[in-house]
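Me: Please take a close look at one part of this model, the interface between the two chains. I would like a connected account of what makes it up.

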Amino acid sequence: MLIIINGEERTVSHSLLRDILVELDYPLSGVAVELNGTILPMDTYESTQISAADRLEIVCFVGGG
Amino acid sequence: MGEMIGIDDKQSNTTMKETEYVIGGIDCSDDTFQVGNQCFSSRLLVGTGKFGSYQIMKETILASRTDIVTVALRRAGGSEHSENILDYIPKDIHLMPNTSGARTAEEAVRIARMARVLGCGNLIKIEVIRDQRYLLPDNMETIKATDILAKEGFSVFPYMSPDLMDAKRLVDAGAATVMPLAAPIGSNRGLETKGMIQMLIEEIDIPIIVDAGIGKPSEAAEAMEMGADAVLVNTAIASSDNPILMAQAFHHAVLAGRQAFLAKCGAVQHVAQASSPLTGFLRD
């Protein structure tokens, strides 16, 4: 299905958030996820179902001042 | 643990704690930096941007003996970002995410909330910037974001243009500290806003952390001598030829400035005041 990740269209074969993160090579720890504007607690990645056209924002820490 | 020096120790009157601190001869390296009910072991905060590698960053953090490092939040790139910066930051050092990239209070609040999901504690550096040439913070939006995030339990460290009235508004909004800029971010131009920062030190009762623009250890020392509670340094360390050595230099400078502030500098005189006795000269 087609979803939007960080503003870009991506095709994914899974529907569970955890599986999508693994499919796209994101680390399961160290990323924060917003689903359609709602921030998800990290312990819900295993149970969150993603639907076609959902918008995901996936962020992590980087160096900064 | 040494004598705790609280946020009121920048007042000109000598407190009992300070008197005990000096007379007791306690090593000033034990001087604790207190923010609200949290205590930190160092008055040097270090930014993690612009390092050549995470390994150099890690060694620099250790050399600086800092207790708080800032990090930024950005879109993750999947396999392109294989390394996690958190693997290179010692676990006992406090993380302070910043809201860089935010142009409005609303965006800063969103970034802060996402950062908190990552389990890094409650420290947040508010940074709201719309000016792209000098990267000057928008104090008004910063105050709005501070108000919202302080109510949500964050310990808010707002980066601001040094203005006394805005600093008072930040205090009223629940800020834990205020972080006036010394000069534009990354400019290494030094304490250009010295006079304005001095006013904040005198008039604001929460910790003052001089952030941005400090280019040399001597400038960090000067800020601390003035009575700033701490300084935040990134570019001056990261852009040095030897970040690790420069981090050590900043550690010593911040400590030296703090010790000088606690000791209180002697009065400035217009004419010479002899240091040696003016009697018993070897002459008739």
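Reply: What follows goes through the interface of chain A and chain B, from its extent to its strands and its charged pairs. The model is a predicted one, and the values below are computed from it.

The contact draws on 24 residues of chain A and 30 residues of chain B. Between them the two chains bury about 2,200 Å², and carbon and sulfur atoms give 65% of that area. On the chain A side, Phe61(A), Val62(A) and Gly65(A) supply 34% of the area that chain A buries against chain B, more than any other three residues.

As for polar pairing, 12 residue pairs are in polar contact between chain A and chain B, counting pairs with both residues at pLDDT 80 or more. The elements of chain A that give two or more residues to the side touching chain B are strand S3 (32-35), strand S4 (38-40) and strand S5 (55-63). Of these, S5(A) gives the most, with seven residues. By residue type, the side of chain A that touches chain B divides into 14 nonpolar, seven polar and three charged residues.

S5(A) also pairs across the boundary. Five bridges join S5(A) to strand S5 of chain B (residues 68-75), and the two strands run antiparallel. Within this pairing, Gly63(A) stands opposite Val71(B) in S5(B).

Next come the charged pairs. Side chains of opposite charge can pair when their charged atoms come close. Across the interface of chain A and chain B there are three salt bridges by the rule used, and over all chains the count comes to 16.

One of the bridges across the interface links Glu57(A) and Arg75(B), with the closest N and O atoms 2.4 Å apart. This pair runs from strand S5 of chain A to strand S5 of chain B, the two strands that are joined by five bridges. Its two ends differ in accessibility: Glu57(A) counts as buried because its relative accessibility is 14%, under the 20% limit. Arg75(B) is partly exposed, at a relative accessible area of 45%.

Another salt bridge is formed by the side chains of Arg110(B) and Glu34(A), at 2.5 Å from N to O. Here the pair crosses from helix H3 of chain B (residues 105-117), which holds Arg110(B), to strand S3 of chain A, which holds Glu34(A). Glu34(A) is buried, with a relative accessible area of 5%, whereas Arg110(B) is partly exposed at 38%. In both of these pairs, then, the glutamate of chain A is buried and the arginine of chain B is partly exposed.

For contrast, a salt bridge within chain B joins the side chains of Arg189(B) and Glu192(B), at 2.9 Å from N to O. Arg189(B) is partly exposed, with a relative accessible area of 44%, and Glu192(B) is partly exposed at 44%. Returning to the interface, salt bridges that share partners join Glu34(A), Glu57(A), Arg75(B) and Arg110(B) into one network.

Taken as a whole, the part combines an antiparallel strand pairing between S5(A) and S5(B), a buried area to which carbon and sulfur atoms give 65%, and three salt bridges between the chains.

Technical notes:
Residues are numbered from 1 along each chain as its sequence is written. Chains are lettered from A and ligands numbered from 1 in the order in which they are written. This is a predicted model: local features need pLDDT of at least 70, side-chain atom pairs count only at pLDDT 80 or more; totals for chains, interfaces and linings use all residues. Side-chain values use heavy atoms; hydrogens and water are left out. Contact means heavy atoms within 4.5 Å. Buried area is the accessible area (1.4 Å probe) that two parts lose on being put together, summed over both. A salt bridge is a side-chain nitrogen of Lys or Arg within 4 Å of a carboxyl oxygen of Asp or Glu. A polar contact is a pair of N or O atoms within 3.5 Å; within protein, one must be able to donate a hydrogen and the other to accept it, and residues adjacent in sequence count only if both atoms are side-chain atoms. Helices (H or I, at least four residues) and strands (E, at least two) are DSSP runs, numbered from the N terminus. Ala, Val, Leu, Ile, Met, Phe, Trp, Tyr, Cys and Pro count as nonpolar, Asp, Glu, Lys and Arg as charged, and the others, Gly among them, as polar. Two strands pair if DSSP finds at least two bridges between them. Buried means under 20% relative accessible area, exposed over 50%, partly exposed in between (1.4 Å probe, protein chains only).
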